[in-house]
Amino acid sequence: MNSQILTGVVAALGLMANFALVGAASAQDGHAAHAAEHGHHHADFESNRMHVRVDGEAGPGVRDIILIPGLSSSPEVWQGTVDHLGSGWRVHRIHIQGFAGAPVQGNAEGPVAAPVAEEIARYISEQGLDKPVVVGHSMGGTIGVMLAARHPDAVGKLMVVDMVPFMGAMFGGPGATAESVAPVAEQIYQGMAASAPAEYQARGAASITGMINTESKRAGPLEDGATSDQQVSSRAFRELILTDLRPELARITAPTEVLYVKFNDARMTNEITDMIYQASFAGLPGVALKRIDDSAHFIFLDQPEAFHARLDAFLAE
């Protein structure tokens, strides 16, 4: 990509600010009674950063897959995918403390995504998982990239769902760095963290319309936004803006596929969106980039058939 096109692509990232901000208060689960209904259990794993729901049992021919939800989201966001996978898979769904009704615990201060990535690496090791598939949506995609780059031997395959490796580029011009966007990241964090709860929840509820096109799929996210901790979500969002994983992409050895949608901005086109993702993941040789049309941010809710078809093909490769 020549420098003129790259400059235009990076500048276009500025149009994505609204897309990024609407993720600040979305959520997906927090229902303790859900386990018995769906037959899953919590893994025997001690952590103050996260806990893990497990669907299915280990056995001959059974493969392991880890599903990581996004900012303020919960394991329930993946229920359709769990149902689709069915037998032959043992599914490990991450629930981050402080999100969607889970007690804050170790996420009471400091970063969230990076410590959770380390805990997932420990989980894989202590549970004896053999190169599981890892699928992460939004912030979960960031965590998945961290995991695959910093623990390349732990991950068998990686699927990133609608996330770029440096979200901070959305808040700066060409050549933006974590350092250059730090002031705006702090401003956004202070605004989120200090907002009155009612205002914070109202903004979160309004954002769901832009993140999920399918009206019938919004009830869970709206309910669970109210049960996520405002401070944990605010700090996690600041961390996402400041995290630049582009220099780490080359460390990833697992086959990687990125699914994405056209950005929710009238000025954006499919072609600009494609260029943004191509530029963003240029440091990862062999990455497969697949745009899913007619969907908002939660691809697996808006376009479950298209999402599951891509997931099935990726798992079969």
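1. Accessible area here comes from the Shrake-Rupley method with a 1.4 Å probe. By that reckoning, the protein exposes about 12,600 Å². Carbon and sulfur atoms supply 52% of this area. Note that the model is predicted.

2. Burial comes next. The protein has 317 residues, and 55% of them count as buried. The cut-off for "buried" is under 20% relative accessible area.

3. On contacts: take those in the protein with a separation of 6 or more. Residues 24 or more positions apart account for 79% of them.

4. The protein contains 13 helices and 8 strands. An open sheet of 8 strands is present, and its pairing is mixed. Read across, the order is β1-β2-β4-β3-β5-β6-β7-β8.

5. The edges of the sheet are β1 (41-42) and β8 (288-291). Each has a single partner strand, so one side of each is left without a neighbour in the sheet.

6. Now the β3/β5 pair. Strand β3 (residues 63-68) and strand β5 (residues 133-137) run parallel. The two are joined by 4 bridges. In this pair, I68 stands opposite G136 in β5.

7. Two helices deserve a look against the sheet. Helix α5 (residues 113-126) lies across β2 (50-55), β3 and β4 (89-96). Its direction is at about 45° to β2. Helix α6 (residues 139-150) lies across β3, β4, β5 and β6 (157-161). Helix α6 runs at about 145° to β5. Strands β3 and β4 thus appear under α5 and again under α6.

Methods. Residues numbered from 1 in each chain as written. Predicted model: local features only at pLDDT ≥ 70, side-chain atom pairs only at ≥ 80, totals over all residues. Heavy atoms only, no water. Pairing = 2+ DSSP bridges. Contact = heavy atoms within 4.5 Å. Axes fitted to C-alpha atoms, helices over the stretch in contact; angles between N-to-C directions. Buried < 20%, exposed > 50% of the residue type's maximum accessible area, 1.4 Å probe, protein only.
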